[in-house]
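Welcome! Have a look at the sequence and the model below, then try the exercises with us.

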Amino acid sequence: IPDIMIPGYIYKQEKDKLFVVETGKTKRAVVAMSAVPQTALTLTVQDSSGLVVSGAKVELLPMFGAPKDMVADKYGRLSVSSDDIGPMFCFLIVRSPRRNLSTIVPLGNDGKSPEIILRPPGRISGAVTDRQGRPLSGVTVQAQINASHMGRYGVIAEAQSDKDGRYQMELPSSNDYVVSARVPRGGVDEAVVSQDQLARGQCKLKDLVLADRKVRGVVKDGQ
């Protein structure tokens with residue numbers, strides 16, 4: 001909560017407090033929070049064998065504000081300040097500059113340093129059709145993080161459907177995603193893909209079904 005939680009501090013509840021709110025009644029509760037100044041976190045980017053990944057490319061997606069590009073040093077180290085994270089949390093999208101390895105890591109403003117381990121991505125494929133099953137070409141398909149605590153987040157990858165309505169994209173296998181397609185006045189359809197599915201390497205999604213993009217109506221002259 002930006003108006004209450006100030007960037008640069010870690011907030012912790014001083015004592016657990018349990019209370020019950022009865023139906024139709026209002027309960028007032030006061031929760032005491034202590035604030036501790038936070039310094040920058042130093043994270044290390046590694047591959048699955050434990051080797052550091054120098055020069056890893058990082059995109060930081062905060063809950064509030066614009067994304068920020070960062071690069072790990074030659075020792076795979078990355079420094080992230082509390083101002084970068086914001087008052088609550090952010091996501092780090094991390095990719096190897098030389099190999100097809102990646103991951104997405106949630107990073108909270110709680111002082112904890114998560115592991116950053118890059119792994120091969122999973123590949124998804126599918127098709128976009130109209131309601132009669134005919135392929136729709138040139139439709140933009142987007143993949144967003146399916147964050148359980150706040151819904152969809154960011155756009156991690158996107159692709160265009162080809163002449164047969166088919167698309168494919170690679171996604172870091174560390175997260176769940178919502179894959180969606182939409183056209184003007186054609187509605188939207190979406191599919192969910194889990195990290196367990198991506199861990200298998202190749203995942204075929206259900207067809208994304210939209211209304212076609214033809215203009216329907218009656219054309220009249222001026223007579």
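Three short exercises with worked solutions follow.

This is a predicted model, in which local features need pLDDT of at least 70 and side-chain atom pairs count only at pLDDT 80 or more, while totals for chains, interfaces and linings use all residues. Residues are numbered from 1 along each chain as its sequence is written, and side-chain values use heavy atoms, with hydrogens and water left out.

**Exercise 1.** Find A72 and decide: is A72 buried or exposed?

*Solution.*
- Start with the place: A72 sits in the loop between β5 (68–71) and β6 (77–80). Strands here are DSSP runs (E, at least two residues), numbered from the N terminus.
- Next, check accessibility. The relative accessible area of A72 is 4%, so A72 is buried. The classes are buried under 20%, exposed over 50% and partly exposed in between, with a 1.4 Å probe and protein chains only.
- Then look for neighbours. Leaving out residues up to four places away in sequence, A72 touches V45, V53, G55, A56, R77 and L78 (contact means heavy atoms within 4.5 Å).
- Finally, take V53: this residue is 19 residues from A72 along the chain, and their C-alpha atoms are separated by 8.0 Å.

**Exercise 2.** Work out which strands stand at the edges of the sheet β12-β11-β14-β15.

*Solution.*
- Write down the order: 4 strands, β12-β11-β14-β15, make an open sheet with antiparallel pairing. Two strands pair if DSSP finds at least two bridges between them.
- Now read off the edges. β12 (151–160) and β15 (188–193) each have a single partner strand, so one side of each lacks a neighbour in the sheet.
- Zoom in on one pair: β14 (residues 177–182) is joined to β15 by 6 bridges. V178, for example, has V192 in β15 as its bridge partner.

**Exercise 3.** How many salt bridges does the structure hold? Examine some of them.

*Solution.*
- The count is 7. A salt bridge needs a side-chain nitrogen of Lys or Arg within 4 Å of a carboxyl oxygen of Asp or Glu.
- Begin with K206 and D189, whose side chains meet at 3.1 Å, N to O. This pair links distant parts of the chain, with K206 in the loop between β16 (202–204) and β17 (208–209) and D189 in strand β15, 17 residues apart.
- Compare the two partners: K206 is partly exposed at 45%, whereas D189 is buried at 18%.
- Move on to D130 and R134, with their closest N and O atoms 2.7 Å apart. D130 is buried at 4%, while R134 is partly exposed at 40%.
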